[in-house]
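Subject: Structure handover

Hello,

The structure we talked about is below, and my notes on it follow. Please read them with the model open.

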Amino acid sequence: MKYSTANEWEHFGFAEAYISDIQKINGDFLMTLDNVTIHPENSKNRDIRQMRTNGLEFRIRDGEVTDLTEEGFKLYNPDGKLMEVHEDRVISKEQYNEVLKSFCDGESCLYSLKKEGDVYVFEIDAGNERTYTLKVLGTRDTQEWERFLNQ
């Protein structure tokens, strides 16, 4: 049995959810995630506790990537002296597919998902030890998964 919800992204916990796939299908942005927490407030959660699932398909209708930024960082020596400064780097549209596919390495995970108006903001810890901010504009979101797992 497949479970499905619409516009309930806030009833899931995406912190530490691993990215297994990212696709653009028929104009929709689709991200498949493992280790997603399903909160008790979720309309499909008949239990009174948090559950978990793997293989959750998070779909953003009419999804369009509007921004992808590699976050900068500062490098210090053991004495606390600043050695290097790396500024934020905005990824060009031509590189979107390459960078997004690199997130499907089995090591990249989300550490937050927020919504700002019609824009979904994904904070991603990538397998290359860098952090990215991905912004996707869309009209609505849906979530589909196969089963509930114990937390």
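A residue counts as buried when its relative accessible area is under 20%. Leu113 has a relative accessible area of 11%, so it is buried. Please keep in mind that this is a predicted model.

Leu113 and its surroundings

Leu113 lies in strand β12, which covers residues 109-116. Apart from neighbours within four places in sequence, Leu113 is in contact with Trp9, Phe14, Phe58, Tyr120, Val121 and Phe122. Gly13 is 100 residues away from Leu113 in sequence, yet the C-alpha to C-alpha distance is 8.6 Å.

Two of these contacts of Leu113, Phe58 and Phe122, also come up in the largest nonpolar core. That core has 33 residues, and the ones that touch the most other members are Phe29, Phe58, Phe103, Phe122 and Leu134. With neighbours within four places in sequence again left aside, the contacts of Phe122 include Phe29, Phe58, Leu110, Leu113 and Leu134.

Strands

Strand β8 (residues 64-70) is largely enclosed by the rest of the structure, because five of its seven residues are buried. β8 pairs with strand β14 (residues 131-137) in the antiparallel sense, over six bridges. Within that pairing, Asp67 has Lys135 of β14 as its bridge partner. β8 also pairs with strand β11 (residues 89-90), again antiparallel, over two bridges. Here Thr69 is opposite Val90 of β11.

There is also an open sheet of four strands, in the order β2-β5-β6-β16 and with antiparallel pairing. Its edges are β2 (12-13) and β16 (149-150); each has a single partner strand, so one side of each has no neighbour in the sheet. For β16, strand β6 (residues 51-53) pairs with it in the antiparallel sense over two bridges. Arg52 has Leu149 of β16 as its bridge partner.

Cysteines

How many disulfides does the structure hold? The count is zero. For Cys104, the closest cysteine sulfur is that of Cys109, at 13 Å, which is too far for a bond. The reverse holds as well: the cysteine sulfur closest to that of Cys109 is in Cys104, at 13 Å and too far for a bond. As to exposure, Cys104 is partly exposed, with a relative accessible area of 23%, whereas Cys109 is buried at 12%.

Regards

How values were computed. Residues are numbered from 1 along each chain as its sequence is written. This is a predicted model: local features need pLDDT of at least 70, side-chain atom pairs count only at pLDDT 80 or more; totals for chains, interfaces and linings use all residues. Side-chain values use heavy atoms; hydrogens and water are left out. Buried means under 20% relative accessible area, exposed over 50%, partly exposed in between (1.4 Å probe, protein chains only). Contact means heavy atoms within 4.5 Å. A nonpolar core is a set of buried Ala, Val, Leu, Ile, Met, Phe, Trp, Tyr and Cys residues joined through side-chain atoms within 4.5 Å. Two strands pair if DSSP finds at least two bridges between them. A disulfide is a pair of cysteine sulfur atoms within 2.5 Å.
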